[in-house]
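I opened this entry to look up a few things in one model. The ligand comes before everything else. My notes follow the order in which I looked.

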Amino acid sequence: MAWIYDSASQRVLCYDFFVSESVVFQNSIVAEGADVVAQGAKMISQCRVAVIGYGNQGRSHALNLRESGISVAVGGRSGSRALQLARDEGFAAHSSVEVVAEADLVIIALPDEVHTECCPPLLDAMKSAGVIGFLHGFSLHFGQVTVGKGRGVVLVAPKGPGTALRARFLEGMGIPCLLAVHQGGDDPIRTEGLAMGWAHGIGSARAGIIRTTFRDEAETDLFGEQAVLCGGLCELIKAAYETLVEAGYPPLLAYTECCHEVKQIADLICDRGMAGMGEAISNTARFGAEVAGERLIDGSVRARMREVLREIQDGSFAAQMIADSAKGSPRLRAARSATAAHPMEGAGREVRALLPWLK
Ligand SMILES: NC(=O)c1ccc[n+]([C@@H]2O[C@H](COP(=O)([O-])OP(=O)(O)OC[C@H]3O[C@@H](n4cnc5c(N)ncnc54)[C@H](OP(=O)(O)O)[C@@H]3O)[C@@H](O)[C@H]2O)c1
(Lines give C-alpha, C1' and ligand atoms only; values in the text may rest on other atoms or scores of the structure.)
Protein backbone atom coordinates (compact mmCIF):
# COMPACT_ATOMS: atom_id res chain seq x y z
CA MET A 1 0.00 0.00 0.00
CA ALA A 2 1.37 3.40 -0.94
CA TRP A 3 -0.53 6.42 0.37
CA ILE A 4 -3.92 7.84 1.26
CA TYR A 5 -4.45 11.58 0.87
CA ASP A 6 -7.40 13.06 2.71
CA SER A 7 -8.78 16.09 0.81
CA ALA A 8 -10.75 17.40 3.80
CA SER A 9 -7.73 17.69 6.11
CA GLN A 10 -5.27 18.07 3.19
CA ARG A 11 -3.06 15.53 4.88
CA VAL A 12 -1.41 12.28 3.92
CA LEU A 13 -2.88 9.69 6.29
CA CYS A 14 -0.43 6.95 5.60
CA TYR A 15 2.47 6.18 3.45
CA ASP A 16 4.62 3.14 3.06
CA PHE A 17 7.25 2.00 0.76
CA PHE A 18 5.74 -0.09 -1.97
CA VAL A 19 6.36 2.35 -4.81
CA SER A 20 9.68 3.91 -3.98
CA GLU A 21 11.51 5.04 -0.90
CA SER A 22 12.54 8.32 -2.47
CA VAL A 23 9.20 9.87 -3.42
CA VAL A 24 7.66 12.82 -1.68
CA PHE A 25 5.83 11.65 1.43
CA GLN A 26 8.72 10.18 3.41
CA ASN A 27 7.86 11.96 6.65
CA SER A 28 4.15 11.42 6.53
CA ILE A 29 3.79 7.95 7.91
CA VAL A 30 0.63 7.83 9.99
CA ALA A 31 -0.77 4.43 10.80
CA GLU A 32 -4.50 5.19 10.67
CA GLY A 33 -4.74 5.04 6.88
CA ALA A 34 -2.91 1.72 6.64
CA ASP A 35 -5.25 0.22 9.22
CA VAL A 36 -8.30 1.34 7.29
CA VAL A 37 -7.05 -0.29 4.09
CA ALA A 38 -6.05 -3.51 5.83
CA GLN A 39 -9.45 -3.76 7.54
CA GLY A 40 -11.19 -3.04 4.22
CA ALA A 41 -9.19 -5.72 2.42
CA LYS A 42 -10.13 -8.25 5.09
CA MET A 43 -13.78 -7.20 5.05
CA ILE A 44 -14.21 -7.46 1.27
CA SER A 45 -12.48 -10.84 1.19
CA GLN A 46 -15.48 -12.22 3.12
CA CYS A 47 -18.05 -10.53 0.87
CA ARG A 48 -19.63 -10.99 -2.52
CA VAL A 49 -19.18 -8.32 -5.16
CA ALA A 50 -21.39 -7.79 -8.21
CA VAL A 51 -19.95 -5.80 -11.10
CA ILE A 52 -22.75 -4.48 -13.32
CA GLY A 53 -21.40 -3.89 -16.82
CA TYR A 54 -18.33 -5.44 -18.38
CA GLY A 55 -16.95 -2.64 -20.56
CA ASN A 56 -13.94 -0.31 -20.32
CA GLN A 57 -13.93 -0.17 -16.52
CA GLY A 58 -16.15 -3.08 -15.46
CA ARG A 59 -13.96 -5.77 -17.01
CA SER A 60 -10.79 -4.46 -15.32
CA HIS A 61 -12.51 -4.09 -11.94
CA ALA A 62 -13.96 -7.60 -12.14
CA LEU A 63 -10.69 -9.24 -13.21
CA ASN A 64 -8.51 -7.34 -10.72
CA LEU A 65 -10.89 -8.04 -7.83
CA ARG A 66 -11.10 -11.74 -8.69
CA GLU A 67 -7.33 -12.02 -8.89
CA SER A 68 -7.15 -10.34 -5.47
CA GLY A 69 -9.11 -13.30 -4.09
CA ILE A 70 -12.53 -11.63 -3.96
CA SER A 71 -15.75 -13.37 -4.98
CA VAL A 72 -17.10 -11.55 -8.06
CA ALA A 73 -20.16 -12.07 -10.24
CA VAL A 74 -20.96 -9.98 -13.31
CA GLY A 75 -24.36 -8.59 -14.26
CA GLY A 76 -25.69 -7.19 -17.52
CA ARG A 77 -28.70 -6.93 -19.77
CA SER A 78 -30.04 -9.89 -21.72
CA GLY A 79 -28.31 -10.48 -25.06
CA SER A 80 -25.33 -8.40 -23.95
CA ARG A 81 -22.10 -9.15 -25.80
CA ALA A 82 -20.16 -7.89 -22.82
CA LEU A 83 -21.93 -10.37 -20.53
CA GLN A 84 -20.98 -13.20 -22.89
CA LEU A 85 -17.34 -12.06 -22.74
CA ALA A 86 -17.55 -12.14 -18.93
CA ARG A 87 -18.83 -15.74 -19.13
CA ASP A 88 -16.05 -16.66 -21.56
CA GLU A 89 -13.57 -15.21 -19.06
CA GLY A 90 -14.86 -17.50 -16.34
CA PHE A 91 -17.29 -15.32 -14.40
CA ALA A 92 -20.72 -16.28 -13.16
CA ALA A 93 -22.60 -13.79 -15.33
CA HIS A 94 -26.36 -13.30 -15.19
CA SER A 95 -29.01 -10.64 -15.37
CA SER A 96 -28.13 -7.60 -13.24
CA VAL A 97 -31.15 -8.00 -10.97
CA GLU A 98 -30.17 -11.60 -10.24
CA VAL A 99 -26.56 -10.89 -9.29
CA VAL A 100 -27.21 -7.82 -7.14
CA ALA A 101 -29.61 -9.78 -4.91
CA GLU A 102 -26.67 -11.81 -3.55
CA ALA A 103 -24.10 -9.04 -3.37
CA ASP A 104 -22.65 -7.11 -0.42
CA LEU A 105 -21.11 -4.54 -2.77
CA VAL A 106 -22.66 -3.65 -6.13
CA ILE A 107 -20.33 -1.80 -8.50
CA ILE A 108 -22.15 0.18 -11.19
CA ALA A 109 -19.87 0.01 -14.24
CA LEU A 110 -22.47 1.25 -16.73
CA PRO A 111 -22.31 4.40 -18.89
CA ASP A 112 -23.37 7.40 -16.77
CA GLU A 113 -26.29 8.32 -19.04
CA VAL A 114 -28.08 5.00 -18.42
CA HIS A 115 -27.88 5.11 -14.60
CA THR A 116 -31.25 6.85 -14.25
CA GLU A 117 -32.95 3.99 -16.05
CA CYS A 118 -30.82 1.10 -14.78
CA CYS A 119 -30.20 1.89 -11.09
CA PRO A 120 -33.72 1.94 -9.54
CA PRO A 121 -34.51 -1.74 -10.27
CA LEU A 122 -31.05 -2.71 -9.02
CA LEU A 123 -31.53 -0.75 -5.79
CA ASP A 124 -34.88 -2.48 -5.31
CA ALA A 125 -33.33 -5.91 -5.84
CA MET A 126 -30.32 -5.38 -3.54
CA LYS A 127 -30.33 -6.72 0.00
CA SER A 128 -30.84 -4.00 2.57
CA ALA A 129 -27.23 -4.18 3.81
CA GLY A 130 -25.81 -4.07 0.27
CA VAL A 131 -23.57 -1.12 -0.51
CA ILE A 132 -23.79 0.54 -3.92
CA GLY A 133 -20.57 1.76 -5.54
CA PHE A 134 -20.01 4.13 -8.45
CA LEU A 135 -16.97 4.76 -10.63
CA HIS A 136 -17.85 8.41 -11.22
CA GLY A 137 -19.95 10.80 -9.11
CA PHE A 138 -21.90 12.14 -12.12
CA SER A 139 -25.28 10.45 -11.75
CA LEU A 140 -25.57 10.80 -7.99
CA HIS A 141 -24.20 14.34 -7.74
CA PHE A 142 -26.38 15.66 -10.56
CA GLY A 143 -29.50 14.05 -9.15
CA GLN A 144 -29.93 11.33 -11.78
CA VAL A 145 -29.97 8.63 -9.12
CA THR A 146 -31.27 8.81 -5.55
CA VAL A 147 -30.60 6.26 -2.83
CA GLY A 148 -32.47 5.78 0.45
CA LYS A 149 -30.66 6.93 3.60
CA GLY A 150 -30.15 3.46 5.07
CA ARG A 151 -27.94 2.24 2.22
CA GLY A 152 -24.18 2.84 1.99
CA VAL A 153 -23.11 4.71 -1.15
CA VAL A 154 -19.47 4.91 -2.19
CA LEU A 155 -17.26 5.88 -5.08
CA VAL A 156 -13.96 4.45 -6.27
CA ALA A 157 -12.83 6.28 -9.39
CA PRO A 158 -9.55 5.12 -10.87
CA LYS A 159 -7.59 7.96 -12.41
CA GLY A 160 -7.15 6.39 -15.81
CA PRO A 161 -8.85 4.19 -18.37
CA GLY A 162 -9.73 0.54 -17.66
CA THR A 163 -6.87 -0.62 -19.87
CA ALA A 164 -4.35 1.17 -17.63
CA LEU A 165 -6.05 -0.14 -14.48
CA ARG A 166 -5.63 -3.68 -15.74
CA ALA A 167 -2.13 -3.30 -17.21
CA ARG A 168 -0.67 -1.74 -14.06
CA PHE A 169 -2.34 -4.41 -11.89
CA LEU A 170 -0.78 -7.15 -14.02
CA GLU A 171 2.60 -5.49 -13.49
CA GLY A 172 2.04 -5.81 -9.72
CA MET A 173 1.23 -2.12 -9.32
CA GLY A 174 -1.90 -0.01 -9.67
CA ILE A 175 -3.16 3.40 -10.66
CA PRO A 176 -4.31 5.97 -8.09
CA CYS A 177 -8.01 6.36 -7.42
CA LEU A 178 -10.35 8.82 -5.78
CA LEU A 179 -12.50 7.37 -3.01
CA ALA A 180 -15.62 8.94 -1.49
CA VAL A 181 -18.38 7.91 0.86
CA HIS A 182 -21.61 9.73 0.00
CA GLN A 183 -23.43 8.17 2.93
CA GLY A 184 -22.50 5.45 5.37
CA GLY A 185 -26.03 4.01 5.56
CA ASP A 186 -26.93 1.82 8.51
CA ASP A 187 -23.34 0.61 8.96
CA PRO A 188 -20.85 3.38 8.12
CA ILE A 189 -17.76 1.38 9.18
CA ARG A 190 -18.67 -1.50 6.89
CA THR A 191 -19.50 0.93 4.05
CA GLU A 192 -16.13 2.66 4.26
CA GLY A 193 -14.38 -0.70 4.71
CA LEU A 194 -15.92 -2.09 1.53
CA ALA A 195 -14.83 0.99 -0.42
CA MET A 196 -11.27 0.66 0.88
CA GLY A 197 -11.31 -3.08 0.17
CA TRP A 198 -12.51 -2.39 -3.37
CA ALA A 199 -9.72 0.19 -3.94
CA HIS A 200 -7.24 -2.31 -2.53
CA GLY A 201 -8.59 -5.16 -4.67
CA ILE A 202 -8.20 -3.29 -7.97
CA GLY A 203 -4.59 -2.40 -7.10
CA SER A 204 -5.11 1.29 -6.36
CA ALA A 205 -3.92 0.98 -2.76
CA ARG A 206 -0.52 0.07 -4.25
CA ALA A 207 -0.44 3.46 -5.98
CA GLY A 208 -2.47 5.94 -3.95
CA ILE A 209 -5.95 6.69 -2.65
CA ILE A 210 -7.26 10.24 -2.58
CA ARG A 211 -10.22 10.55 -0.23
CA THR A 212 -12.64 13.10 -1.54
CA THR A 213 -16.36 13.81 -2.03
CA PHE A 214 -18.78 12.87 -4.82
CA ARG A 215 -19.12 16.56 -5.69
CA ASP A 216 -15.41 17.25 -5.98
CA GLU A 217 -14.78 14.06 -7.94
CA ALA A 218 -17.63 14.68 -10.36
CA GLU A 219 -16.88 18.34 -11.01
CA THR A 220 -13.09 18.13 -11.23
CA ASP A 221 -13.22 15.00 -13.38
CA LEU A 222 -15.61 16.64 -15.85
CA PHE A 223 -13.58 19.84 -15.88
CA GLY A 224 -10.26 18.01 -16.37
CA GLU A 225 -11.57 15.98 -19.28
CA GLN A 226 -13.28 18.97 -20.93
CA ALA A 227 -10.67 21.67 -20.39
CA VAL A 228 -7.57 19.56 -20.92
CA LEU A 229 -7.58 15.83 -21.50
CA CYS A 230 -10.30 15.08 -24.03
CA GLY A 231 -11.54 18.58 -25.03
CA GLY A 232 -8.89 21.31 -24.91
CA LEU A 233 -5.86 19.16 -25.62
CA CYS A 234 -7.42 17.32 -28.56
CA GLU A 235 -8.68 20.56 -30.15
CA LEU A 236 -5.23 22.12 -29.66
CA ILE A 237 -3.60 19.16 -31.41
CA LYS A 238 -6.13 19.27 -34.25
CA ALA A 239 -5.81 23.03 -34.75
CA ALA A 240 -2.00 22.83 -34.78
CA TYR A 241 -2.06 19.90 -37.24
CA GLU A 242 -4.45 21.79 -39.55
CA THR A 243 -2.31 24.94 -39.35
CA LEU A 244 0.78 23.08 -40.56
CA VAL A 245 -1.03 21.13 -43.30
CA GLU A 246 -2.77 24.29 -44.52
CA ALA A 247 0.68 25.92 -44.78
CA GLY A 248 1.81 23.07 -47.07
CA TYR A 249 3.72 20.77 -44.70
CA PRO A 250 3.32 16.97 -45.16
CA PRO A 251 0.52 15.47 -43.00
CA LEU A 252 2.79 12.76 -41.64
CA LEU A 253 5.26 15.35 -40.40
CA ALA A 254 2.47 17.54 -38.99
CA TYR A 255 1.03 14.55 -37.10
CA THR A 256 4.40 13.53 -35.69
CA GLU A 257 5.15 17.06 -34.44
CA CYS A 258 1.74 18.02 -33.07
CA CYS A 259 0.27 14.72 -31.88
CA HIS A 260 2.71 11.84 -31.60
CA GLU A 261 5.21 13.77 -29.48
CA VAL A 262 2.56 14.78 -26.94
CA LYS A 263 3.14 11.54 -25.06
CA GLN A 264 6.85 12.16 -24.59
CA ILE A 265 6.20 15.62 -23.16
CA ALA A 266 3.26 14.38 -21.04
CA ASP A 267 5.49 11.62 -19.60
CA LEU A 268 8.13 14.19 -18.69
CA ILE A 269 5.53 16.45 -17.02
CA CYS A 270 4.11 13.52 -15.03
CA ASP A 271 7.53 12.27 -13.98
CA ARG A 272 9.23 15.62 -13.26
CA GLY A 273 6.64 18.43 -13.25
CA MET A 274 6.46 21.39 -15.66
CA ALA A 275 9.77 22.86 -14.49
CA GLY A 276 11.50 19.47 -14.76
CA MET A 277 10.12 19.03 -18.27
CA GLY A 278 11.46 22.51 -19.11
CA GLU A 279 14.93 21.36 -18.03
CA ALA A 280 14.76 18.27 -20.24
CA ILE A 281 13.96 20.11 -23.48
CA SER A 282 16.30 22.32 -25.50
CA ASN A 283 16.76 26.02 -24.80
CA THR A 284 15.21 26.66 -28.20
CA ALA A 285 12.05 24.72 -27.26
CA ARG A 286 11.86 26.39 -23.84
CA PHE A 287 12.32 29.87 -25.34
CA GLY A 288 9.70 29.10 -28.01
CA ALA A 289 7.28 28.05 -25.28
CA GLU A 290 7.89 31.38 -23.54
CA VAL A 291 7.21 33.35 -26.74
CA ALA A 292 4.10 31.42 -27.89
CA GLY A 293 2.47 29.63 -24.93
CA GLU A 294 0.71 32.50 -23.17
CA ARG A 295 -0.09 34.21 -26.49
CA LEU A 296 -2.14 31.13 -27.43
CA ILE A 297 -3.63 30.31 -24.03
CA ASP A 298 -4.48 33.87 -23.05
CA GLY A 299 -7.03 35.52 -20.75
CA SER A 300 -9.87 34.79 -23.15
CA VAL A 301 -9.18 31.04 -22.88
CA ARG A 302 -9.17 31.31 -19.09
CA ALA A 303 -12.49 33.17 -19.19
CA ARG A 304 -14.02 30.38 -21.29
CA MET A 305 -12.54 27.77 -18.96
CA ARG A 306 -14.37 29.46 -16.07
CA GLU A 307 -17.54 29.38 -18.18
CA VAL A 308 -17.07 25.64 -18.81
CA LEU A 309 -16.56 25.12 -15.07
CA ARG A 310 -19.70 27.13 -14.23
CA GLU A 311 -21.75 24.98 -16.63
CA ILE A 312 -20.45 21.86 -14.91
CA GLN A 313 -21.13 23.23 -11.42
CA ASP A 314 -24.65 24.48 -12.12
CA GLY A 315 -25.66 21.19 -13.75
CA SER A 316 -26.24 22.59 -17.24
CA PHE A 317 -23.58 20.34 -18.79
CA ALA A 318 -25.20 17.29 -17.14
CA ALA A 319 -28.62 18.41 -18.43
CA GLN A 320 -27.25 18.76 -21.99
CA MET A 321 -25.72 15.32 -21.88
CA ILE A 322 -28.83 13.66 -20.49
CA ALA A 323 -30.99 15.42 -23.11
CA ASP A 324 -28.71 14.23 -25.93
CA SER A 325 -28.78 10.69 -24.57
CA ALA A 326 -32.61 10.76 -24.38
CA LYS A 327 -32.71 11.53 -28.13
CA GLY A 328 -30.39 8.60 -28.96
CA SER A 329 -27.13 10.62 -28.54
CA PRO A 330 -27.10 12.39 -31.94
CA ARG A 331 -24.50 14.94 -30.83
CA LEU A 332 -22.25 12.29 -29.29
CA ARG A 333 -22.51 10.07 -32.36
CA ALA A 334 -21.83 12.98 -34.74
CA ALA A 335 -18.74 13.94 -32.72
CA ARG A 336 -17.39 10.38 -32.86
CA SER A 337 -17.97 10.21 -36.65
CA ALA A 338 -16.34 13.60 -37.27
CA THR A 339 -13.24 12.59 -35.31
CA ALA A 340 -12.99 9.27 -37.16
CA ALA A 341 -13.31 11.05 -40.53
CA HIS A 342 -10.72 13.76 -39.81
CA PRO A 343 -7.67 13.57 -42.15
CA MET A 344 -5.37 13.49 -39.12
CA GLU A 345 -6.59 9.93 -38.43
CA GLY A 346 -5.08 8.74 -41.74
CA ALA A 347 -1.78 10.43 -40.96
CA GLY A 348 -1.86 8.86 -37.49
CA ARG A 349 -2.40 5.37 -38.93
CA GLU A 350 0.62 5.86 -41.22
CA VAL A 351 2.84 6.98 -38.35
CA ARG A 352 1.71 4.14 -36.10
CA ALA A 353 2.35 1.60 -38.87
CA LEU A 354 5.95 2.82 -38.94
CA LEU A 355 6.23 2.34 -35.18
CA PRO A 356 5.11 -1.26 -34.66
CA TRP A 357 6.04 -1.28 -30.97
CA LEU A 358 3.16 1.08 -30.21
CA LYS A 359 0.13 -0.71 -28.77
N1 LIG B 1 -13.90 4.73 -19.51
C2 LIG B 1 -13.09 5.21 -18.60
O3 LIG B 1 -11.90 5.33 -18.82
C4 LIG B 1 -13.59 5.62 -17.22
C5 LIG B 1 -12.69 6.10 -16.27
C6 LIG B 1 -13.14 6.37 -14.97
C7 LIG B 1 -14.48 6.19 -14.67
N8 LIG B 1 -15.34 5.77 -15.64
C9 LIG B 1 -16.74 5.55 -15.28
O10 LIG B 1 -17.02 4.16 -15.36
C11 LIG B 1 -18.40 3.95 -15.64
C12 LIG B 1 -18.53 3.00 -16.81
O13 LIG B 1 -17.96 3.60 -17.94
P14 LIG B 1 -17.30 2.71 -19.11
O15 LIG B 1 -16.59 3.67 -20.01
O16 LIG B 1 -16.55 1.57 -18.49
O17 LIG B 1 -18.64 2.16 -19.79
P18 LIG B 1 -18.79 1.36 -21.19
O19 LIG B 1 -17.55 0.62 -21.48
O20 LIG B 1 -19.32 2.30 -22.23
O21 LIG B 1 -20.04 0.36 -20.91
C22 LIG B 1 -20.01 -0.57 -19.91
C23 LIG B 1 -21.06 -1.65 -20.01
O24 LIG B 1 -22.39 -1.15 -20.00
C25 LIG B 1 -23.23 -2.05 -20.74
N26 LIG B 1 -24.37 -1.24 -21.16
C27 LIG B 1 -24.35 -0.18 -21.99
N28 LIG B 1 -25.58 0.37 -22.07
C29 LIG B 1 -26.39 -0.36 -21.24
C30 LIG B 1 -27.76 -0.29 -20.88
N31 LIG B 1 -28.57 0.64 -21.39
N32 LIG B 1 -28.21 -1.21 -20.00
C33 LIG B 1 -27.43 -2.15 -19.49
N34 LIG B 1 -26.13 -2.29 -19.81
C35 LIG B 1 -25.61 -1.39 -20.66
C36 LIG B 1 -22.33 -2.56 -21.85
O37 LIG B 1 -22.63 -3.88 -22.24
P38 LIG B 1 -23.55 -4.29 -23.49
O39 LIG B 1 -23.66 -3.10 -24.41
O40 LIG B 1 -22.86 -5.46 -24.14
O41 LIG B 1 -24.83 -4.65 -22.85
C42 LIG B 1 -20.96 -2.60 -21.15
O43 LIG B 1 -20.79 -3.84 -20.51
C44 LIG B 1 -18.99 5.33 -15.87
O45 LIG B 1 -19.56 5.75 -14.67
C46 LIG B 1 -17.78 6.17 -16.22
O47 LIG B 1 -17.94 7.56 -15.96
C48 LIG B 1 -14.93 5.45 -16.89
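**Ligand shell**

I began with the ligand and counted 23 residues around it. The closest are G53, G55, S80, A82 and H136. I keep in mind that this is a predicted model.

Next I asked which elements supply at least two residues each to the shell. They are α2 (56-67), α3 (81-88) and β8. Which of the elements gives the largest share? I found that α2 does, with three residues.

Then I sorted the shell by class. Eleven of its residues are nonpolar and nine are polar. Three are charged.

**Helix α9**

I moved on to α9, which spans residues 214-229. I wanted to know which of its residues are buried. I noted F214, E217, A218 and L222. Why do they sit on the same side of α9? They cover an arc of only 115 degrees around the axis, which puts them there.

I also looked up what covers these buried residues of α9. The cover includes three helices, α6 (138-141), α14 (299-313) and α15 (316-326). It also includes the strands β8 (153-158) and β9 (177-183). I had already met β8 at the ligand, where it supplies at least two residues of the shell.

**Domains**

I then checked how the protein is divided. Domain 1 takes in 3-212, and domain 2 takes in 222-354. Their centres, taken over C-alpha atoms, are separated by 30 Å. The contact takes four residues from domain 1 and five residues from domain 2. I sorted the domain 1 side by class as well. Facing domain 2, it has two nonpolar residues, one polar and one charged.

**Whole protein**

Last, I took the overall figures. I count 17 helices and ten strands in the secondary structure. Along the principal axes, the C-alpha atoms fill a box of roughly 65 × 55 × 40 Å.

Does the radius of gyration agree or disagree with a compact globule? For 359 residues, such a globule would come near 21 Å. The protein has 22 Å, so the two agree.

I noted burial too: buried residues make up 36% of the 359 residues. For contacts, I took those with a separation of 6 or more. Residues 24 or more positions apart account for 64% of them.

How values were computed: Residues are numbered from 1 along each chain as its sequence is written. This is a predicted model: local features need pLDDT of at least 70, side-chain atom pairs count only at pLDDT 80 or more; totals for chains, interfaces and linings use all residues. A residue is buried if 20 or more other C-beta atoms lie within 10 Å of its own, exposed if 12 or fewer, and partly exposed in between; C-beta atoms are placed from the backbone. Helices (H or I, at least four residues) and strands (E, at least two) are DSSP runs, numbered from the N terminus. The arc is that of the directions from the helix axis to the C-beta atoms. Two residues are in contact if their C-beta atoms, placed from the backbone, lie within 7 Å. Domain bounds come from an automatic or database domain assignment. Ala, Val, Leu, Ile, Met, Phe, Trp, Tyr, Cys and Pro count as nonpolar, Asp, Glu, Lys and Arg as charged, and the others, Gly among them, as polar. A residue is near a molecule or strand if its C-beta atom, placed from the backbone, lies within 6 Å of it. The radius of gyration is taken over C-alpha atoms; the globule rule is 2.2 Å times the number of residues to the power 0.38.
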